[in-house]
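Subject: Structure for your review

Dear colleague,

Please find below the structure that I am handing over to you. I would be grateful if you would keep it open while you read the notes that follow it.

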Amino acid sequence: MNNIVSLVTGAGGEIGHSLIEALAERGIPILATDLRPLPPPIARRCYRVIVGDITEPELHGQLLQIGFRRVFHLAAVLSSQAEREPEAAHRVNVEGTLRLLQTTHRMAKRHGEPISFLFPSSIAVYGIPSLDEKRRAGRVREEQYLTPMTIYGANKLYCELLGLYYARFYRRLAPEPEAGWIDFRALRFPGLLSAFTVPTGGTSDYAPEMLHAAAQGKPYHCFVRPDTRIPFMAMPDAVHAMLLLAEAPTSALRSHVYNVTAFSASAEEIATEARRLFPQAHITFEPDPRRQAIVDTWPEALDDSAAQRDWGWAATHDWERTFSEYLASNIRRRYQRAIT
Ligand code: AKB
């Protein structure tokens, strides 16, 4: 995918930081957008940066003018924040995506070839009705429990369908089978753990917040019960999955939506690991009923065998490597630098 201009929306967010580093290391020109200016080290990695709102036509006019041949659409309002402002979340998560699909289709038509559109979806698309059922369900497959309880989950699920619809609709209308259409691919991510950024507005945020607080010796009041279990993945694997799926040949893909996961853990297990890595950690549990209710409907594990079968997905960071190698050293370095 070298020399293909890749558009990254929501570039200033958690995934954006790591994805931009990875794309830049591969020599891929990056057209980045975000609502706010990017931190200079990230902006420097990009060929062009546009500050603007993904729902506004002006931004799309600029994107069309500059041009792009691949999309990583990361801009989104995460689950907890979305519950506080459901209409604003719908505007960004759904209307922003719809507008970007339209813009991408115009771009694909202009070039007369498909443009791949990578959409990070989420475990939030699942909605398991009870804790007993969650325990019984175990590893959830892509087609199970698609009854999300949050606006964010509903937005993600609808956008998966919208992406597929756009891909098929324009393909049917294309004058030749391979002429400009959207090659839409979605990944359902578990909770993500980054050593370099702390997320905002998500409900799986308790895990990264706990670790980053522990490394700084700050007290942390975890907003879910100790027995809360969901799947997680280290950020390098999230980026690895996106690049792998973006590069997979269309002929190999039997679906347009894939689960990916690395390991599952309870909040208590993560707290124990945080205390082991950072003995100054001070973690207590003070569940917030609204946020607890959200994670209680998310699966405790994901079945990612379709991704393994179709495009060779395999997580490279298991529990041990995620905590002892990736998180411990990088988080330690990050806060040591901040202190010294
Ligand atoms: C969130 O908590 O909203 C996200 C997600 C699981 O999609 N991290």
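How are α5 and α7 oriented to each other, roughly parallel or roughly perpendicular? Please bear in mind that this is a predicted model.

The two helices in question are α5, residues 86–111, and α7, residues 151–173. Their axes come within 10 Å and cross at roughly 15°. Angles under 35 degrees count as roughly parallel, and α5 and α7 are therefore roughly parallel to each other. The crossing of these two helices is right-handed.

You may wish to locate the residues at this contact. On the α5 side, they are P86, A89, H90, N93, V94, T97, L98, L101, Q102 and H105. They meet I151, Y152, N155, Y158, C159, L162, G163, Y166 and Y170 in α7. Sorted by class, the contact of α5 with α7 has twelve nonpolar and seven polar residues, with no charged residues.

The second topic is a pocket. The second largest pocket has a volume of about 330 Å³. It is lined by 13 residues, of which H17, S18, E21, F196 and Y326 are the closest to its centre. Two elements, α1 (14–25) and α9 (235–247), each give two or more residues to the lining of this pocket. The largest share, five residues, comes from α1. By class, the lining has seven nonpolar, four polar and two charged residues.

Yours sincerely,
A colleague

Methods: Residues numbered from 1 in each chain as written. Predicted model: local features only at pLDDT ≥ 70, side-chain atom pairs only at ≥ 80, totals over all residues. Heavy atoms only, no water. 1 Å grid on protein atoms, 1.4 Å probe; cavity = no way out; pocket = protein on both sides within 12 Å on 5 of 7 lines; lining within 4 Å. Points joined across faces, edges and corners; volume = space filled by probe spheres on them. Helix = DSSP H or I, 4+ residues; strand = E, 2+ residues; numbered from the N terminus. Nonpolar A, V, L, I, M, F, W, Y, C, P; charged D, E, K, R; others polar. Axes fitted to C-alpha atoms, helices over the stretch in contact; angles between N-to-C directions. Parallel < 35°, antiparallel > 145°, perpendicular 65-115°, else oblique. Left-handed = near helix turned anticlockwise from the far one by under 90°. Contact = heavy atoms within 4.5 Å.
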